[in-house]
Amino acid sequence: MHGTFLNVPRFTLSAMNSRLAALLTALVAALLLGGCASNPPSEGSTTGDASQSQSEEGYDQYETTQEAVDFLGGSAEGIARMIDRAFADYGRPNAIIKGEEGGGAIIVGVRYGLGEFMAKAGEKQTIYWQGPSVGWDFGGDAGRVFMLVYNLPRPDLIFQRFAGVNGSAFVVGGVGMQYLRSQSIVVAPIRVGVGLRLGAGVGYTQFTQDKSYNPF
């Protein structure tokens with residue numbers, strides 16, 4: 001085994017280091033562009049006119065909670081508390097995403113998902129997502145995810161890159177949620193059990209219309 005490591009060519013190690021450096025650079029740029037330095041609003045606060053508009057047009061909190069509990073199949077109390085938090089921070093979502101995802105990490109991680117995007121206005125379509133992360137993160141995970149989408153002006157604007165918001169990972173009773181942001185648009189993925197790996201690293205999520213195995 002030791003001989004195998006000793007015989008690894010230097011150019012291979014150099015290429016690995018170059019790829020890791022490129023990944024770190026891409027992640028930092030994505031996080032800066034996505035506004036990840038902005039903290040989420042405190043509980044009970046609003047986000048201005050956008051939240052006021054969603055209070056009339058977005059999904060009802062009770063119905064959203066019931067749908068999330070039925071879909072995720074986890075702790076009803078934990079899921080309800082996560083949705084309470086999201087509604088307190090951002091009001092009613094004007095779109096939701098229900099799907100399944102999986103991924104793994106050894107410091108550098110990846111995540112892939114497939115689901116259904118549903119706008120309150122009635123639009124429905126299949127959606128894919130993928131993205132990398134870097135951090136103290138090991139192992140694999142798989143499970144269902146229920147996402148709340150806020151301030152989405154048009155359904156097609158979901159197809160872009162969303163960076164993780166600094167300090168926005170919440171975990172209660174085996175249920176986790178975090179905020180992803182691209183300018184004013186916010187996505188709040190809620191995961192149960194083995195689907196957690198929140199805050200383990202910095203990264204972003206890219207939503208696409210077609211399946212892609214490239215996490216970047």
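The exercises below concern aromatic pairs, charges over rings and two buried residues in a predicted model.

**Exercise 1.** Determine how the rings of Phe162 and Phe207 are arranged, and which parts of the chain the pair ties together.

*Solution.* Begin with the total, since the structure holds 5 aromatic pairs. For Phe162 and Phe207, the ring centres are 5.6 Å apart and the planes stand at 80 degrees, so the pair is edge-to-face, given that planes over 60 degrees apart fall in that class. Next, place the two residues: Phe162 belongs to strand E3 and Phe207 to strand E8, which spans residues 201-208, so the pair ties together parts that are 45 residues apart in sequence. Finally, consider accessibility, where Phe162 has a relative value of 0% and counts as buried, while Phe207, with a relative accessible area of 1%, is buried as well.

**Exercise 2.** Classify the pair formed by Phe170 and Tyr179, and find the cluster that includes these residues.

*Solution.* The rings of Phe170 and Tyr179 are 5.8 Å apart from centre to centre, with 75 degrees between their planes, and the pair is edge-to-face. Phe170 has a relative accessible area of 12%, and because the limit for buried is under 20%, Phe170 is buried; Tyr179, at 0%, is also buried. Extending the view beyond this pair, ring pairs link Phe170 and Tyr179 with Tyr90 and Tyr150 into a cluster.

**Exercise 3.** Identify the rings over whose faces Lys120 and Arg161 lie, and give the distance to each ring centre.

*Solution.* Lys120 is placed over the face of Tyr59, 5.1 Å from the ring centre. Arg161, in turn, is placed over the face of Tyr204, with a distance of 4.1 Å to the ring centre.

**Exercise 4.** Describe the surroundings of Thr64, starting from its secondary structure.

*Solution.* Thr64 is part of helix H4, which covers residues 61-72, and with a relative accessible area of 3% this residue is buried. A polar atom of the Thr64 side chain lies 2.6 Å from the backbone oxygen of Asp60. When neighbours within four places in sequence are set aside, Thr64 is in contact with Tyr59, Ile83, Phe87, Phe146 and Leu148.

**Exercise 5.** Locate Ser168, state whether this residue is buried or exposed, and relate its position to that of Gln178.

*Solution.* Ser168 sits in the loop that runs between strand E3 (161-164) and strand E4 (170-172). Its relative accessible area is 1%, so Ser168 is buried. Although Ser168 and Gln178 are 10 residues apart in sequence, their C-alpha atoms are 5.2 Å apart in space.

Notes: Residues numbered from 1 in each chain as written. Predicted model: local features only at pLDDT ≥ 70, side-chain atom pairs only at ≥ 80, totals over all residues. Heavy atoms only, no water. Helix = DSSP H or I, 4+ residues; strand = E, 2+ residues; numbered from the N terminus. Buried < 20%, exposed > 50% of the residue type's maximum accessible area, 1.4 Å probe, protein only. Phe/Tyr/Trp six-rings, centres within 6.5 Å; stacked < 30°, edge-to-face > 60°. Lys NZ or Arg CZ within 6 Å of the ring centre and 35° of its normal. Polar contact = N/O pair within 3.5 Å; in protein donor to acceptor, adjacent residues only side chain to side chain. Contact = heavy atoms within 4.5 Å.
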